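Hi there,

Here is the structure I promised to pass on to you. Have a look at it first, and then read on for what turned up when I went through it.

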Amino acid sequence: MFRRSIYKTPAQLRSMVEPGLITAAALDAVRPLIRPGVTTLELDAEANRVILERGAESNFQLVRGYRHTTCISVNEEVVHGIPGERVLEAGDIVSIDCGAQYQGWNGDSAITVVVRDDTRPELVARREELSRVTEGSMWAGIAAMASASHLGDLGAAIQGYIEAQGVSEVSGRTYGILREYVGHGIGRKMHEAPSVFNYRTPDPGAEVKPGLVLAIEPMVTAGGEETFVEEDDWTVSTTDGSDGSHWEHSVAVHAQGIWVLTAPDGGAAGLAPFGVTPAPIA
Ligand code: MG
Ligand code: MG
């Protein structure tokens, strides 16, 4: 049977620019709506509106058995939360995962937002720190793509970044990395080979070289690493009830360097602290 290479041609990489930007636009539109009183279904509708307006379609709706445009995971939920009638409250930590398919190519990205709560500054500080650490670990993994020889270097960078945080000053705990859920290749399908582990592995994995496009998506908790799937058969929550955060970008390696497809600046701002400058796909 023919097996598609995990490495894409320059023309294929160019085809992935627009779906990446549409995915970014959908999340940008949702971000300011994340306020107390909004339902997760309303956020989902806004993401879908933007994707359709740009002539794309939701690739989450192409996943068997899933009917929504986003996954929205709140507090102890880490990933795969289903949008619904849940009303967001002040202080909630909310991860929104979204993707668009455009002319047969896919983008996939996730952000975490803490809902403003002036009455509970400690709770907000704790949750914002979790989100910051998770986002930082994602950028560490992306930055590693600029110089990595093999996929295993990415997981080592992500885990290394989280371990370097040590014990949190605000929560007094160390952070956990989900093991059962991982990043992935992306292209004609939202989920393609290879898997991208968010932790060190004995196997170095596939070679990192031009043509590789990956969704880098650490899922981090403010406590334990064990999760379970809720009765809705989708939502993944922490067993110990600790908060979760999820950040994700789709990133291309090409002849001139790396480019974050789901960031309008190609990842320039997020990569700057790591001394990496993204290169546009020519
Ligand atoms: Mg995603
Ligand atoms: Mg993904």
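**Salt bridges**

Arg86 and Glu77 form a salt bridge in which the closest N and O atoms are 3.3 Å apart. Before going further, please keep in mind that this is a predicted model. Of these two partners, Arg86 counts as partly exposed at 34% relative accessibility, whereas Glu77 counts as buried at 12%.

A second pair is Asp240 with Arg173, a salt bridge whose closest N and O atoms are 3.7 Å apart. Asp240 sits in the loop between strand S12 (236-238) and S13, and Arg173 in the loop between helix H5 (152-164) and strand S6 (176-177), so this pair ties together parts that are 67 residues apart in sequence. Asp240 is partly exposed, with a relative accessible area of 41%, and Arg173 counts as partly exposed too, at 39% relative accessibility.

Salt bridges with shared partners also join Glu46, Arg49 and Glu53 into one network. Within it, Glu46 forms a salt bridge with Arg49, and the closest N and O atoms are 2.9 Å apart. Why are Glu46 and Arg49 separated by about one helical turn? Because they are 3 residues apart in helix H3 (residues 40-53). Glu46 is buried, with a relative accessible area of 17%, while Arg49 is partly exposed, with 41%. Since you may want the total: the count comes to 12 salt bridges.

**The magnesium site**

Which residues supply the protein donors of the magnesium ion (ligand 1)? They are Asp97, which is listed with two OD donors, Asp108 with an OD and Glu248 with an OE, and they lie 2.0 to 2.6 Å from the ion. Along the chain these donors follow the spacing D-x10-D-x139-E. The magnesium ion (ligand 2) is 3.2 Å from the magnesium ion (ligand 1), and Asp108 coordinates both.

Asp108 lies in strand S5 (residues 105-114) and Glu248 in the loop between strand S13 (244-246) and strand S14 (249-254), so the pair ties together parts that are 140 residues apart in sequence. Are these two donors buried or exposed? Asp108 is buried, with a relative accessible area of 2%, and Glu248 is buried as well, with 0%.

Asp108 has other partners worth a look in your viewer. Its side chain makes a polar contact with the side chain of His184, at 3.0 Å. Asp108 and Leu261 are 153 residues apart in sequence, yet their C-alpha atoms are 9.2 Å apart in space.

**Strand S5 and its hairpin**

The strand that carries Asp108 is mostly covered: 10 of the 10 residues of S5 are buried. In a regular strand, side chains alternate between the two faces of the sheet. In S5, Trp105, Gly107, Ser109, Ile111 and Val113 point one way, while Asn106, Asp108, Ala110, Thr112 and Val114 point the other way, and all are buried.

Strand S4 (residues 93-102) runs antiparallel to S5, and 10 bridges join the two. Ser95 stands opposite Thr112 in S5. The hairpin of S4 and S5 has 2 residues between the strands, and Gln103 takes a positive phi near 50° there.

**A three-stranded sheet and a helix**

There is also an open sheet of 3 strands in the order S3-S12-S11, with antiparallel pairing. Its edge strands are S3 (77-79) and S11 (227-229), each of which pairs on one side only. Ignoring direction, neighbouring strands of this sheet are turned by 40° against each other on average. S3 and S12 pair in the antiparallel sense over 2 bridges, and Val79 stands opposite Val236 in S12.

Finally, helix H4 (residues 121-145) has 25 residues and reaches 36 Å from its first C-alpha to its last, close to the 36 Å expected at 1.5 Å a residue. Of the 25 residues of H4, 18 are buried, so the helix is largely enclosed by the rest of the structure.

Happy exploring, and best wishes!

Definitions and conventions
Residues are numbered from 1 along each chain as its sequence is written. Chains are lettered from A and ligands numbered from 1 in the order in which they are written. This is a predicted model: local features need pLDDT of at least 70, side-chain atom pairs count only at pLDDT 80 or more; totals for chains, interfaces and linings use all residues. Side-chain values use heavy atoms; hydrogens and water are left out. Donors are N, O and S atoms within 2.8 Å of the metal (3.2 Å for Na, K and Ca); water is not among the atoms, so sites may look incomplete. Helices (H or I, at least four residues) and strands (E, at least two) are DSSP runs, numbered from the N terminus. Buried means under 20% relative accessible area, exposed over 50%, partly exposed in between (1.4 Å probe, protein chains only). Two strands pair if DSSP finds at least two bridges between them. A polar contact is a pair of N or O atoms within 3.5 Å; within protein, one must be able to donate a hydrogen and the other to accept it, and residues adjacent in sequence count only if both atoms are side-chain atoms. The expected span of a helix is 1.5 Å times one less than its number of residues. A salt bridge is a side-chain nitrogen of Lys or Arg within 4 Å of a carboxyl oxygen of Asp or Glu. Axes are lines fitted to C-alpha atoms, for helices over the stretch in contact, and angles run from 0 to 180 degrees between N-to-C directions.
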